[in-house]
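Grab a coffee and open the viewer: here are some short exercises to work through. Try each task before you read the solution beneath it.

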Amino acid sequence: MTDNRIGPPLRGDERETLRAFLDYHRATLAMKCEGLIDDDLKRRSMPPSTLTLLGLVRHMCEVERTWFRKVINGEDIHLVWSAEDDYQVAYDAEASTRSEAFAAWEAEVEHSRRIEREAESLDVTGYNKKWGEDVSLRLVMLHLIHEYARHNGHADFLREGIDGTVGA
């Protein structure tokens, strides 16, 4: 794996630091998938789990879409892979390809970056229907950092099981 990730600033302000940590974790997920063919990306961790690297990429696409576009930006859109907004559908990557999943994920990441950049401050809020509450952009960014970090741990084990690659 080639590690092209840029670490967060050691003395950045809050927004710059949150942005950098989120991008670092996005780059980590991409790195964990680097150099693998579709069949490898769809390899399951261990029965009965259906977890795959490609499923994680698709899931994170939905997470980016929901928190930035639906919650912060107030867009009335469905998930990429489920008109019923069922997050579990994204994990089923059997019929998916690297190019399809990564194109969707990368597009959502770009939407997220644009929405964050255009927001006046981290105090900007959006409505989370599931919680019935307004949430701040700050919370959204922290939530995504947490979500990526958790799933990047899964990606570590998945990648090791595929070809023995460990680290970062």
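**Exercise 1. A helix and its length**

What span should the 27 residues of α6 have at 1.5 Å a residue, and how far apart are its end C-alpha atoms?

Solution. Before starting, keep in mind that this is a predicted model. Step one: the expected span is 1.5 Å times one less than the number of residues, so the 27 residues of α6 should span 39 Å. Step two: the end C-alpha atoms of α6 are 38 Å apart, which agrees with that expectation. Step three: look just past the helix, where α6 is followed by Gly164, with a positive phi near 85°.

Now use two residues as a ruler. Arg138 has its place in helix α6. Arg138 and Arg159 are 21 residues apart in sequence, and their C-alpha atoms are 31 Å apart in space. Arg138 counts as partly exposed because its relative accessibility is 24%.

**Exercise 2. Far in sequence, what about space?**

Find the distance in space, C-alpha to C-alpha, for Cys33 and Ala155, for Tyr127 and Val71, and for Trp67 and Lys129.

Solution. Take the pairs one by one.

- Cys33 and Ala155 are separated by 122 residues in sequence and by 8.3 Å in space, C-alpha to C-alpha. Cys33 is in helix α1 (residues 14-33), and its relative accessibility of 0% means that Cys33 counts as buried.
- Tyr127 and Val71 are 56 residues apart in sequence, with 5.3 Å between their C-alpha atoms. Tyr127 belongs to strand β1 and is partly exposed, with a relative accessible area of 44%.
- Trp67 and Lys129 are 62 residues apart in sequence and 11 Å apart in space, C-alpha to C-alpha. Trp67 is found in helix α3 and counts as buried, at 9% relative accessibility.

**Exercise 3. Rings and charges**

Describe the aromatic pair formed by Phe102 and Trp105, then look for charged groups over rings.

Solution. A pair of aromatic rings is described by the distance of the centres and the angle of the planes. The structure holds 2 aromatic pairs. One of them is Phe102 with Trp105: the centres are 5.6 Å apart and the planes meet at 85°, which makes the pair edge-to-face. The cut-off behind that label is an angle over 60 degrees.

Next, place the pair. Phe102 and Trp105 both lie in helix α5 (residues 98-118), 3 residues apart, about one turn of the helix. An α-helix has 3.6 residues a turn, so residues three or four places apart point the same way. Phe102 and Trp105 are both buried.

Finally, add the charges. The charged end of Arg98 sits over the ring of Phe102, 5.0 Å from its centre. Elsewhere, Arg58 lies over the face of Trp81, 4.2 Å from the ring centre.

**Exercise 4. A backbone angle in a loop**

Which sign does phi of Asp85 have, and is Asp85 buried or partly exposed?

Solution. Start with the angle: phi of Asp85 is near 60°, a positive value in a residue other than glycine. Then locate Asp85, which lies in the loop between α3 and α4 (88-91). Last, check the accessibility: at 28%, Asp85 counts as partly exposed.

**Exercise 5. The largest pocket**

Work out how much space lies in the largest pocket and what lines it.

Solution. Rolling a probe the size of a water molecule over the atoms shows where empty space is left. Here, the largest pocket holds about 600 Å³ of space. It is lined by 21 residues, of which Thr66, Lys70, Tyr87, Asn128 and Lys130 are the closest to its centre.

Now ask which elements contribute. α3 (53-72), β1 (125-128) and α6 (137-163) each supply at least two lining residues, and α3 gives the most, with 6 residues. To finish, sort the lining by class: 7 residues are nonpolar, 6 are polar and 8 are charged.

Terms used
Residues numbered from 1 in each chain as written. Predicted model: local features only at pLDDT ≥ 70, side-chain atom pairs only at ≥ 80, totals over all residues. Heavy atoms only, no water. 1 Å grid on protein atoms, 1.4 Å probe; cavity = no way out; pocket = protein on both sides within 12 Å on 5 of 7 lines; lining within 4 Å. Points joined across faces, edges and corners; volume = space filled by probe spheres on them. Helix = DSSP H or I, 4+ residues; strand = E, 2+ residues; numbered from the N terminus. Nonpolar A, V, L, I, M, F, W, Y, C, P; charged D, E, K, R; others polar. Phe/Tyr/Trp six-rings, centres within 6.5 Å; stacked < 30°, edge-to-face > 60°. Buried < 20%, exposed > 50% of the residue type's maximum accessible area, 1.4 Å probe, protein only. Lys NZ or Arg CZ within 6 Å of the ring centre and 35° of its normal.
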